[in-house]
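Open the model in a viewer and keep the sequence panel beside it. The stops below say what to select and what is there.

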Amino acid sequence: MASYSAAARSAKPDLYERVTTRIIEALENGVVPWRCPWDRYWRLPQNLTSGKDYRGVNVFLLSLARHCSGYESPYWLTYKQAQERGGHVRKGEKGECVVFWKWFDKDTGRTNDDGEPVKDRLPVLRHYTVFNVDQCDGIEPPETDDVSRHAWQPLEACERIVEAMPDRPEIREGTGRACYIPSGDRVEMPHRHRFSEPESWYGTLFHELTHATGHEKRLNRRPSSEPRAFGDPDYSREELVAEMGAAFLCGHVGIDGDTLDQSAAYVKGWIDVLKGDSRLVVTAAAQAQKAADFILDRRFDD
């Protein structure tokens, strides 16, 4: 029988390249490791129809896709499987590549001692496309037990700030990430009950709302309204502005202690990334103050 490794080397190089490229792209869209005040969920990606967990590199591919896209569900299925369950994949949704080995028998032209033909079993790499349940309509996935839930008590002072923000972007709760999306002018946030304390929820929301003030129809802070690569100077500068803005807003409502300590550590991290540019701190603080004033609907003459 031919060796597995030898057969693997004969697989289509474009499929290997596709998988590798997907992983690299996902890693390049990484998040700051010390910035996650909510409970991360984890469960192996699973096919909704078969109930089987994905294995091998597919665990990595689908877990990265779930994290980067903010999908709440660990369940995946093909386009056809979605239709068979009475639902459908929403128009424009992009699927994820799943790979598997399919074994084929190949005639060798030889026979054994009994005169029977000898065949080699060869693995060939194949792929298909799956979609997360969150990309579908008309499909109700089962409840998962990988969600941490905390008691929730809203902070009225913080709620008033959010409600009174002028030209506030859409706030979409229930995603697996916290981020501001300029193209859709919306903020995505995990469920409130994922946060162990409301102060962390509001601090995170204030961070994302500060990003939103950079939109061209608000303060037109250029790095906030354009695509940015993780770790580049514009990305780092905007993150610094966002966290300072969040710290200003937290201070305004009297949130202190651990929440502001986390902000201070976060700011220090970005200053280190930007090699301690003291001028940057001053300009970023000024932009953060303008952002906080905008959210608080306060107007000052510059």
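**Overview**

The protein's secondary structure comes to 10 helices and 9 strands; helices (H or I, at least four residues) and strands (E, at least two) are DSSP runs, numbered from the N terminus. This is a predicted model, in which local features need pLDDT of at least 70 and side-chain atom pairs count only at pLDDT 80 or more, while totals for chains, interfaces and linings use all residues. Residues are numbered from 1 along each chain as its sequence is written, and side-chain values use heavy atoms, with hydrogens and water left out.

Colour by accessibility to begin. Of the 302 residues in the protein, 42% are buried; buried means under 20% relative accessible area, exposed over 50%, and partly exposed in between (1.4 Å probe, protein chains only). About 16700 Å² of the protein is exposed, and carbon and sulfur atoms supply 50% of that area. Accessible areas come from the Shrake-Rupley method with a 1.4 Å probe, and for residues only the protein chains shown count as cover. Among contacts (heavy atoms within 4.5 Å) with a separation of 6 or more, 68% are between residues 24 or more positions apart.

**The three-stranded sheet**

Select residues 170-173, strand E7, and 179-181, strand E8. Add 186-189, strand E9. These 3 strands form an open sheet in the order E7-E9-E8, with mixed pairing; two strands pair if DSSP finds at least two bridges between them. E7 and E8 are the edge strands, each pairing on one side only. On average, neighbouring strands are turned by 25° against each other, direction ignored.

Which way do E7 and E9 pair, parallel or antiparallel? Their pairing is parallel, over 4 bridges. Within it, Ile171 stands opposite Val187 in E9, and Glu173 has Met189 of E9 as its bridge partner. On the other pairing, E8 and E9 run antiparallel and are joined by 3 bridges, with Tyr180 partnered by Val187 in E9.

Show the side chains of E9. Arg186 and Glu188 point one way, Val187 and Met189 the other, and all are buried. In a regular strand the side chains alternate between the two faces of the sheet.

**The hairpin turn**

Next, select Asp185, in the loop between E8 and E9. The two strands form a hairpin with 4 residues between them. Asp185 has a positive phi of about 45° although it is not a glycine. Most residues other than glycine have a negative phi. Asp185 counts as buried because its relative accessibility is 13%.

A second such residue is Asp297, in the segment after H10. Its phi is near 60°, again positive in a residue other than glycine. At 44% relative accessibility, Asp297 counts as partly exposed.

**The largest nonpolar core**

Return to the sheet and add helix H6, residues 198-212. H6 packs on the sheet, touching E7, E8 and E9, and its direction makes about 155° with that of E9. Axes are lines fitted to C-alpha atoms, for helices over the stretch in contact, and angles run from 0 to 180 degrees between N-to-C directions.

Now select Met189, Leu205, Phe206 and Leu209, which touch the most other members of the 23-residue largest nonpolar core. A nonpolar core is a set of buried Ala, Val, Leu, Ile, Met, Phe, Trp, Tyr and Cys residues joined through side-chain atoms within 4.5 Å. Two or more residues each come from H5 (156-164), E9, H6, H8 (233-253) and H10 (278-295). H6 gives the most, with 6 residues.

Centre on Phe206. Leaving out residues up to four places away in sequence, Phe206 touches Cys158, Ile161, Val162, Ala246, Leu249 and Cys250.

**Helix H5**

Look down the axis of H5. Its buried residues are Cys158, Glu159, Ile161 and Val162. They fall within an arc of 160°, so they line one face of the helix; the arc is that of the directions from the helix axis to the C-beta atoms. Glu156, Arg160 and Glu163, on the other side of H5, are exposed.

**Strand E1**

Finish at Gln46, in strand E1 (residues 46-47). Gln46 is buried, with a relative accessible area of 13%. Beyond residues up to four places away in sequence, Gln46 touches Gly51, Lys52, Asp53, Tyr54, Pro74, Tyr75 and Trp76.
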